[in-house]
Amino acid sequence: MTNAVHSSSAPDGTPLGDPAGFVIEGPDMPTIYAAGDTAVHADMGLIGEIYTPGIAILPIGDHYTMGPLQAAYAARLVSAPEIVPGHYGTFGLLTGTPEALRGELARIGVSAKVHEGNPGEVVRAFA
């Protein structure tokens, strides 16, 4: 379980729990960093150094969480060769797109494969 930076309260102010991400490791599979709903944060650099994930699942919706610009910097910190965008495209407020993420990655010189899927679709990384 890893740190995530995100507000987490009900409309009346009741706390709903701590935001979190996860590092998933297992035999015969790449290490996966699932960032959760989060903003970019410096701990992502440590996660990248310690766990060297092969795949990072990063939110890109740009509302409630980071957008493509911040996700590109998160990708640079984590250094995963494959990125699966998450938390986007399911309703109008989530305007970030995988194409925008690709543009931001190129702009800051980060080379990573960006996988793209539609809600409910299975995304196969390292295939």
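**Surface, core and salt bridges of the predicted model**

A nonpolar patch on the surface is formed by M1, F22, I24 and M29, and together these residues have about 420 Å² of accessible area. The model described here is predicted. One member of the patch, M1, lies in the segment before strand 1 (2-3). M1 is classed as exposed because its relative accessibility is 74%, and the limit for that class is over 50%.

The protein chain contains three helices and six strands. Read from the N terminus, these elements follow the order β-β-β-α-β-α-β-α-β. A box of roughly 45 × 30 × 30 Å, taken along the principal axes, is filled by the C-alpha atoms of the protein chain. The radius of gyration of the protein chain is 14 Å, which agrees with the value near 14 Å for a compact globule of 127 residues. Of the 127 residues in the protein chain, 41% are buried. The exposed area of the protein chain is about 7,000 Å², and 55% of this area is supplied by carbon and sulfur atoms. When contacts between residues at least 6 apart in sequence are considered, 58% of them join residues at least 24 apart.

Two buried residues illustrate how separate parts of the chain are brought into contact. H41 is located in the loop between strand 3 (32-34) and helix 1 (43-51). The relative accessible area of H41 is 9%, so H41 is buried, the limit for this class being under 20%. The side chain of H41 reaches the backbone oxygen of N3 at a distance of 3.3 Å. With neighbours within four places in sequence left aside, the residues in contact with H41 are N3, A4, V5, Y33 and L77.

L105 belongs to helix 3 (residues 98-107). L105 counts as buried because its relative accessibility is 2%. Residues up to four places away in sequence not being counted, L105 touches A72, A75, V110 and V114. L105 and A71 are 34 residues apart along the chain, and their C-alpha atoms are separated by 8.6 Å.

V123 is found in the segment after strand 6 (113-114). With a relative accessibility of 32%, V123 is partly exposed. The contacts of V123, leaving aside neighbours within four places in sequence, are V84, H115, E116 and G117. The C-alpha atoms of V123 and T95 are separated by 20 Å, and these two residues are 28 residues apart along the chain.

The count of salt bridges comes to three. In one of them, the side chains of E99 and R102 meet at 3.3 Å, N to O. E99 and R102 are separated by about one helical turn, because they are three residues apart in helix 3. E99 is exposed, at 54% relative accessibility, whereas R102 is partly exposed, with a relative accessible area of 28%. R102 also forms a salt bridge with E116, in which the closest N and O atoms are 3.2 Å apart. This pair links distant parts of the chain, since E116 is in the segment after strand 6 and R102 is in helix 3, 14 residues apart.

A further salt bridge joins the side chains of E104 and R107, at 2.8 Å from N to O. Being three residues apart in helix 3, E104 and R107 are likewise separated by about one helical turn. R107 is exposed, with 51% relative accessibility. Through salt bridges that share partners, E99, R102 and E116 are joined into one network.

Note on methods:
Residues are numbered from 1 along each chain as its sequence is written. This is a predicted model: local features need pLDDT of at least 70, side-chain atom pairs count only at pLDDT 80 or more; totals for chains, interfaces and linings use all residues. Side-chain values use heavy atoms; hydrogens and water are left out. Patches are made of residues with over 30% relative accessible area and no salt bridge: like charges are joined within 9 Å, nonpolar side chains (Val, Leu, Ile, Met, Phe, Trp, Tyr) within 5 Å. Accessible areas come from the Shrake-Rupley method with a 1.4 Å probe; for residues, only the protein chains shown count as cover. A salt bridge is a side-chain nitrogen of Lys or Arg within 4 Å of a carboxyl oxygen of Asp or Glu. Helices (H or I, at least four residues) and strands (E, at least two) are DSSP runs, numbered from the N terminus. Buried means under 20% relative accessible area, exposed over 50%, partly exposed in between (1.4 Å probe, protein chains only). A polar contact is a pair of N or O atoms within 3.5 Å; within protein, one must be able to donate a hydrogen and the other to accept it, and residues adjacent in sequence count only if both atoms are side-chain atoms. Contact means heavy atoms within 4.5 Å. The radius of gyration is taken over C-alpha atoms; the globule rule is 2.2 Å times the number of residues to the power 0.38.
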